Amino acid sequence: AGMAGAFLMEIRRGTQSASAPRQLLPEAYALLFLRSAAAELPSAPVEVSMCADSLEVRSGGSCDAAALPAGVRLAPSSCRGLRRLRGDGLHLRVRLRSPPPAADMVFTLRESLKPNKNYIFYCQSCGDIVVKDRKFLRVLPLPSENWSDLVEEWCCHPDPFARSTLHPQHGDCFLGDTFFLLNSGNESHVPESPKSKENTRVFCKRCKTMLGETVSSDTVKYYVTEVIIQLAEGSFSPTPRSQFVQSMIAQCLLELSSAKSTFRFTIKGDDGKTYILMWLLNSDTLLVESLGSSSSHSFFTPFGDILLPSSGPVGTWNAVKVLYQPCIKCRNKE
């Protein structure tokens, strides 16, 4: 198979000041990977040539080309750091220029809901309707989830909010960092009188996936990783499970780090068990993937099967880079 059967480019955008417009600095470099269908490079000499908008890889009698997406331009003379990694192909660094992302590409959880509009909540796993045609008169952000831990620092007397709880009315939607808080109304999938932790869990009626939990007799908490919210006049559009979960977690990391200057997180289950430790390294990366001209693309799946373009030879994604450690099977207990 040709060497340019697939390539993955990681574009690290330049750092901007808060007042400066978000755009790529001229001196930004991209890290580019060239991989073949086989684990190792061909024995024949490999020649890599590039233009401003494409690159070619020649080996023996074969030649493969890969085009860059519109707007991304390379500076061929800046190519440096070319090296071969066993089992991973060629790595090289090259200077590039790229336009800033469009404003509508930046999505936040709190922008997904607006007052005085009708919404439908779907189960992300199977598409079954969870909350049907609900209009919210108020969409309000909740305080930080650990705000009560800081009350002792604010007050010189006992916690005045100890017995105060926030319960949304039927026309309310309260937004937390990782959940939506709604009035349960007459939703049939919500337990009527929770008596234990197991009885508070809310499940999808069709696929039995856990969607959230009841907070009180009339309040239910839906996790952002389990439901898809769309306007009532629209139609349900399914998203692969792994792609949806990754995008929602990345969005949560982005919002929390921006609002609270926190970059280390733990991913926990509803049982309180910690599964992953995560450290957000940067959130200004653009991934560009090209399947080139190879006849077979199934071998190149750097992130499972979720980042392969559905159509066309090139795909681009905004991405966050994280350092992580799993905490399962008795690993990393300390």
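Which residues touch the most other members of the largest nonpolar core? In this predicted model, they are Leu113, Phe121, Phe136, Cys173, Phe180, Leu182 and Tyr222, out of 25 residues in that core. Two or more residues each are given to the core by S8, S9, strand S11 (172-175), strand S12 (179-183), strand S15 (219-223), strand S16 (227-231) and helix H2 (241-260). A separate second core has 14 residues, among them Ala30, Leu32, Leu34 and Val94.

Leu182 illustrates the surroundings of one core residue. Apart from residues up to four places away in sequence, Leu182 touches Phe121, Phe136, Cys173 and Tyr222, which also appear among the core residues that touch the most other members. The other residues touched by Leu182 are Val131, Arg134, Pro168, Asp172, Asp218, Thr219 and Val220.

Confidence varies along the chain. The average pLDDT is 76, and 71% of the residues score at least 70. Residues 14-26 have pLDDT under 50 throughout, and the model gives this stretch 25 contacts beyond four places in sequence. The pLDDT is also below 50 over residues 293-312, a stretch with 38 contacts in the model beyond near neighbours in sequence. Where pLDDT is low, the predicted coordinates should not be read in detail.

Asp128 is located in the loop that lies between strand S8 (118-123) and strand S9 (129-135). Asp128 counts as buried because its relative accessible area, 17%, is under the 20% cut-off. Beyond its neighbours within four places in sequence, Asp128 contacts Phe121, Tyr122 and Cys123, and also Cys204, Lys205 and Arg206.

Asp128 also belongs to the lining of the largest cavity, together with Ile129, Val130, His189, Phe203, Cys204, Lys205 and Leu211. This lining comprises five nonpolar residues, one polar residue and two charged residues. The volume of the largest cavity is about 30 Å³, and a search of the whole structure finds one cavity of 30 Å³ or more.

The second largest pocket holds about 1300 Å³ of space. Its lining has 35 residues, and those nearest the centre of the pocket are Thr178, Thr266, Ile267, Lys268 and Gly269. Two or more lining residues each come from strand S14 (210-216), S15, H2, strand S17 (264-268), S18 and strand S20 (314-326). H2 supplies the largest share, seven residues. By class, the lining of this pocket divides into 16 nonpolar, nine polar and ten charged residues.

Ile276 is a residue of strand S18 (residues 274-290). Its relative accessibility is 31%, and Ile276 is therefore classed as partly exposed, between the limits of 20% and 50%. Although 48 residues separate Ile276 from Tyr324 in sequence, their C-alpha atoms are 6.7 Å apart in space. Tyr324 is also among the contacts of Ile276 outside its neighbours within four places in sequence, as are Phe265, Thr266, Ile267, Gln325 and Cys327.

Gly81 lies in strand S6 (residues 73-85). With a relative accessible area of 48%, Gly81 is partly exposed. Leaving out neighbours within four places in sequence, Gly81 contacts His91 and Leu92. The C-alpha atoms of Gly81 and Leu92 are 5.2 Å apart, with the two residues eleven apart in sequence.

Technical notes
Residues numbered from 1 in each chain as written. Predicted model: local features only at pLDDT ≥ 70, side-chain atom pairs only at ≥ 80, totals over all residues. Heavy atoms only, no water. pLDDT = per-residue confidence, 0-100. Contact = heavy atoms within 4.5 Å. Helix = DSSP H or I, 4+ residues; strand = E, 2+ residues; numbered from the N terminus. Buried < 20%, exposed > 50% of the residue type's maximum accessible area, 1.4 Å probe, protein only. Core = buried A, V, L, I, M, F, W, Y, C linked by side-chain atoms within 4.5 Å. 1 Å grid on protein atoms, 1.4 Å probe; cavity = no way out; pocket = protein on both sides within 12 Å on 5 of 7 lines; lining within 4 Å. Points joined across faces, edges and corners; volume = space filled by probe spheres on them. Nonpolar A, V, L, I, M, F, W, Y, C, P; charged D, E, K, R; others polar.
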